[in-house]
Amino acid sequence: MTVDDRPTLSAPDDDPWLWLEEIEGKQALDFVARQNQLTLAAFGGAAFERDRDVLAAIYDRPDNIPYVSRRGSDLHNLWKDAANPRGLWRRTTLAEFRKPHPAWEIMLDIDQLATSEGEDWLLSGIATMPGRSRAILSLSRGGSDAVTLREFDLDTKSFVADGFTLPEAKGGVDWLDQDTLLLSSAHGEGMATSSGYARTVRLWRRGQPADRAQVIIETTADHMAVSGMADDTGSAPRVWIVDQIDFFNHAIWLRDATGATTKLDLPTGVWMQAHGDWFAMKLRKDWSAGGRTFATDTVLGISLSAFLAGSRDFAVLFEPGPRRALQGLFWAGSKLVLSILDELKPQFEICTPSAAGWSRATLPGLPQIGVVDIWPLDRHPSESNGDLLANVQDPLTPPSLLLLERGVASPTVLKQAPKTFTADGLVVTQHEAISIDGERIPYVQTGPAKETGDAPVYMSAYGGFAVAVKPYYNPSLGKLWLERGGTTVQANLRGGGEFGTRWHDAGRLAGKKLSHDDFAAVAADLVRRGVTSAKRIAAQGGSNGGILITNMLVRYPERFGALFCTIPLIDMRRYTKLLAGASWIAEYGDPDKPDEWEWLKTYSAYHNAKPGQAYPPILIATTRRDDRVHPGHARKMAAKLQAMGYEAWFYEPAAGGHGYGKDNKERAGFEVLGFRFLRDKIGWKDGEA
């Protein structure tokens, strides 16, 4: 970045960069255009284009796994490649899908649709109804969370004239019957919460204007959102309604076929899933019921009808351990599947309820190392016979898609992803760093077996919202970092969900600083173990990880050689006032409360950046169509750092949403720009092993 282009700190306002929050403001867009030009001039060019095209070709490979869900008797898939950058919505049968080269029936060509309508369409959601040939499609402009809803006929493969349509807004629908939708959308006057999500659930009948649809439940504007889901797994149709109080707490309501609504007597922090006359839930806090006290993270099961009649005779289906935690639970047919991490090793248990009690079994034939993800094949629970899909992989082994028929048979391989990089001589090892307070922080290292003490390291982590980070096969890092002699490190920070609620709670609110301390501890451990030196460590984080990376910049600058901060959250003073920011108060705290601002300001890097420090170079990148995390965070941080004289680069493509691009080529370009910046700034030149 040139000195002449640096903004100045001359504005008298408390925040002189507020004008950069005007997403489409002329002055702000001029800033973006100028910054993009400088960044692409420095890190673009022939080498950038070569790597971008290599990576895009990997993403566009015809032998990549087409992930599917079953709707009725057909398997549906959304496929993107070089010829179809926005995607094809298509379908086939399970028998056909088993073949090496299945035949597909095209339902909708999104590229053709975008061209014919002159819109930047992407297909972000499909809501179908069992036994019916209609769907509601969610069409997103440029990858934004807000969507336009339109009714589609699966038989004629065309949009329905005079069908259900709704202008752009955050939210969606579910089918009650062929002429009635459950509408959970922020569209309409007064229909949005302060977080920008749906404030009401409405019954929207065919031919009726959406703003006249009957409101069946309404939450207050300070709640995060409310949503409704139709359920036909019981003896009569019913609707589940979730009033999302904040990110981790909600009230659950049950609406029966007569329209009567009952609030379930449950704690607000549970994960709950129901099927037929049974439901199961995981507790977020200790809870006493029926004369017993159940510990945090315990999973309980009970008959729904018995519970509604007053019974609290729960069966205990899962008990946590210090480093053993539930990652998810779902029903597949009449079986409850529990996904567990035990010392970061995947385990899966099946619980089957009956009048005699709950039986338990372990899913057969799955590996105990690497990453194993399980989900139901069927989109609609009422159509499920218990078939499951599993995705198995590790950092050096590309994914395999497996089918577990009825959830009990040994898995069969449906598809295998291609190897996209050379892994010869590479190993995967697991280590632990000791954080500032003595906590053990796990991390996975992938790279050459022999340490040189000067390895070019790519570090990443997340550390928020109880999300467990897993060591997936990563084609971009594999091809453009590992294959060229580099090392990758993925850290499991507090704030994540790897070890349950205690691990998450330790790294949220005032504890968020500990999450950042954890990451810095891993960087120091790499140096202590002789893997590398600080100047050779490049680190990347996105979204919540943007807070992480900018805190490495201002709190631990001596431990990193370069930083890549993507689609980031940074300004913790104003984050609640920007787009969906208010929905994350339960993770970070409320800056409008003085006592909570006291801890928030300790990790608001936007406020803690100071001139005259030894900050490493940083590239901050966002997208203009991100309507979840406001692009103003990235813009303002880059401008402030530049005004202080630091080497801070900025990049903002027009589309991409809360991601890296609307198609594979854009996504590849975003990633490669980051790789080239990081390589340059840690002194890793082309051709160096």
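This passage walks through two open sheets, a strand with two partners, a pocket and a cavity in a predicted model.

Let's start with the sheet that begins at β18. Four strands make up this open sheet, lined up in the order β18-β19-β22-β23, and the pairing is antiparallel. At the edges stand β18 (271–275) and β23 (315–318); each has a single partner strand, so one side of each is left without a neighbour in the sheet. Going from one strand to the next, the twist averages 25 degrees. At the β23 end, strand β22 (residues 299–303) is joined to β23 by three bridges, and the two run antiparallel. To find this pairing in the structure, look for G301, whose bridge partner in β23 is A315.

Another open sheet picks up at β24. Here, too, there are four strands, this time in the order β24-β25-β26-β27, with antiparallel pairing. The edge strands are β24 and β27 (357–362), and each of them pairs on one side only. The twist from one strand to the next averages 25 degrees in this sheet. Eight bridges hook β24 up to strand β25 (residues 335–342), and these two run antiparallel. One handy spot to check is A332, which has K335 as its bridge partner in β25.

Now for strand β35 (residues 487–491). Four of its five residues are buried, that is, under 20% relative accessible area, so β35 is largely enclosed by the rest of the structure. Two strands can be followed from here. Strand β33 (residues 440–448) pairs with β35 in the antiparallel sense, over four bridges, and T446 stands opposite T488 of β35. Strand β34 (residues 457–460) is also joined to β35 by four bridges, but these two run parallel. In that pairing, S460 stands opposite Q490 of β35. There is a helix to add to the picture as well: β34, helix α6 (residues 475–482) and β35 together make a right-handed β-α-β unit.

That leaves the empty spaces. Rolling a probe the size of a water molecule over the atoms shows where such space is left. The second largest pocket has a volume of about 830 Å³. Its lining takes in 35 residues, and those nearest the pocket's centre are Q244, F247, H250, W271 and F465. Several elements chip in at least two lining residues each: β14 (225–231), β15 (238–244), β24 (324–332), β28 (371–376) and α7 (501–506). So what classes of residue make up the lining of the second largest pocket? The tally is 16 nonpolar, 13 polar and six charged residues.

Cavities are another matter. How many of 30 Å³ or more turn up in a search of the whole structure? The search finds one. About 60 Å³ of space lies in the largest cavity. Around this cavity sit P346, Q347, F348, T362, L363, L366, P367, Q368 and V372. Strand β26 (residues 345–354) gives the largest share of that lining, with three residues. Sorted by class, the cavity lining has six nonpolar and three polar residues, and no charged ones. The β24-β25-β26-β27 sheet is worth another look at this point, since two of its strands have come up again: β24 supplies at least two residues to the lining of the second largest pocket, and β26 supplies three to the lining of the largest cavity.

Terms used: Residues are numbered from 1 along each chain as its sequence is written. This is a predicted model: local features need pLDDT of at least 70, side-chain atom pairs count only at pLDDT 80 or more; totals for chains, interfaces and linings use all residues. Side-chain values use heavy atoms; hydrogens and water are left out. Two strands pair if DSSP finds at least two bridges between them. Axes are lines fitted to C-alpha atoms, for helices over the stretch in contact, and angles run from 0 to 180 degrees between N-to-C directions. On a 1 Å grid over the protein atoms alone, a cavity is a set of points where a 1.4 Å probe fits but cannot get out, and a pocket is an open set with protein on both sides within 12 Å along at least five of seven lines; lining residues have an atom within 4 Å of a point. Grid points are joined across faces, edges and corners, and a volume is the space filled by probe spheres set on the points. Ala, Val, Leu, Ile, Met, Phe, Trp, Tyr, Cys and Pro count as nonpolar, Asp, Glu, Lys and Arg as charged, and the others, Gly among them, as polar. Buried means under 20% relative accessible area, exposed over 50%, partly exposed in between (1.4 Å probe, protein chains only). A crossover is right-handed if, with the strands pointing away from the viewer, the path from the first strand over the helix to the second runs clockwise.
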